[in-house]
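Q: I would like a close look at a single part of this model, with its surroundings described in order. Please keep the account plain.

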Amino acid sequence: MADAHQTIDAEVKGNDVVLFMKGTPQFPMCGFSGQVVQILNYLGVPYKGVNVLDDEGVRQGIKDYSNWPTIPQLYVKGEFVGGCDITREMFQSGELQQFFTEKGVPVKQGA
């Protein structure tokens, strides 16, 4: 599990925005992952998708890393934001866009 933890830690710290998800941004393998991808794409936020289905260690490890039981999981500048419901609620209220701006992540809403 240490290798998975190191892999996760490197992804979280090495990317401004990273989404641990089922599938890829081009082909999400679950509806919840798909919803977060749609939000990020709509906002035009550059991000990296990590397919947890490719590695069982990462799939379980990300849950331990964040102490959050579900996937997808969104991280911005090393900070855990949440899963699908939290991301969607933040987006709908405008909080997510503000959060990205505060963290220095460019948002090109509707682009």
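In which sense do E1 and E2 pair, and over how many bridges?

A: The model is a predicted one. In it, E1 and E2 pair in the parallel sense, over 4 bridges. One position in this pairing is Leu19, which stands opposite Gly49 in E2.

E1 covers residues 17-21 and also pairs with strand E3, residues 73-76. That pairing is antiparallel and again has 4 bridges. Leu19 faces Leu74 in E3, while Phe20 stands opposite Gln73 in E3. Leu19 therefore has a residue opposite it in E2 as well as in E3. In general terms, strands of a sheet are held in pairs by backbone hydrogen bonds, in a parallel or an antiparallel arrangement.

The sheet as a whole is open and has 4 strands in the order E2-E1-E3-E4, with mixed pairing. E2 and strand E4 (79-82) are at the edges and have a single partner strand each, so one side of each lacks a neighbour in the sheet. Averaged over the sheet, neighbouring strands are turned by 25 degrees against each other, with direction ignored.

Next, the cover of E1. Of its 5 residues, 5 are buried, so E1 is largely enclosed by the rest of the structure. Both of its faces are covered. Val17, Leu19 and Met21 are buried on one side, and Val18 and Phe20 are buried on the other. Helix H3 (56-66) lies across E1, E3 and E4, and runs at about 60 degrees to E3.

A contact with E1 residues also comes from helix H1 (residues 2-14), where Glu11 lies. Leaving aside residues up to four places away in sequence, Glu11 touches Val18, Phe20, Lys48 and Val50. Glu11 is buried, because its relative accessible area is 16% and the limit for buried is under 20%. The side chain of Glu11 forms a salt bridge with that of Lys48, at 2.9 Å from N to O. This pair links distant parts of the chain, with Glu11 in helix H1 and Lys48 in strand E2, 37 residues apart. Lys48 itself counts as partly exposed, at 33% relative accessibility.

The model has 5 salt bridges by the rule applied. Another one of them joins the side chains of Glu79 and Lys103, at 2.8 Å from N to O. It also links distant parts of the chain: Glu79 is in strand E4 and Lys103 is in the segment after helix H5 (95-102), 24 residues apart. Glu79 is partly exposed, with a relative accessible area of 35%, and Lys103 counts as partly exposed at 27%. A further salt bridge is formed by Asp85 and Arg88, at 3.0 Å from N to O. These two residues are 3 apart in helix H4 (residues 84-93), and so they are separated by about one helical turn. Asp85 is partly exposed at 41% relative accessibility, and Arg88 is partly exposed at 25%.

The loops that flank E3 hold some backbone exceptions. As background, most residues other than glycine have a negative phi, and most peptide bonds are trans. In the loop between H3 and E3 lies Asn67, which has a positive phi of about 60 degrees although it is not a glycine. Asn67 is exposed, with a relative accessible area of 71%. Pro72 is found in the loop between H3 and E3, and a cis peptide bond joins it to Ile71, with omega at about 15 degrees. On the other side, Lys77 is found in the loop between E3 and E4. Lys77 is a residue other than glycine, and its phi is positive, near 50 degrees. At 39% relative accessibility, Lys77 counts as partly exposed.

Finally, the loop that follows strand E2 (48-51) and leads to helix H3 contains Leu53. Leu53 is partly exposed, at 39% relative accessibility. Together with Phe27 and Met29, Leu53 forms a nonpolar patch on the surface, and the three have about 330 Å² of accessible area together.

Terms used. Residues are numbered from 1 along each chain as its sequence is written. This is a predicted model: local features need pLDDT of at least 70, side-chain atom pairs count only at pLDDT 80 or more; totals for chains, interfaces and linings use all residues. Side-chain values use heavy atoms; hydrogens and water are left out. Patches are made of residues with over 30% relative accessible area and no salt bridge: like charges are joined within 9 Å, nonpolar side chains (Val, Leu, Ile, Met, Phe, Trp, Tyr) within 5 Å. Accessible areas come from the Shrake-Rupley method with a 1.4 Å probe; for residues, only the protein chains shown count as cover. A salt bridge is a side-chain nitrogen of Lys or Arg within 4 Å of a carboxyl oxygen of Asp or Glu. Buried means under 20% relative accessible area, exposed over 50%, partly exposed in between (1.4 Å probe, protein chains only). Two strands pair if DSSP finds at least two bridges between them. Axes are lines fitted to C-alpha atoms, for helices over the stretch in contact, and angles run from 0 to 180 degrees between N-to-C directions. Contact means heavy atoms within 4.5 Å.
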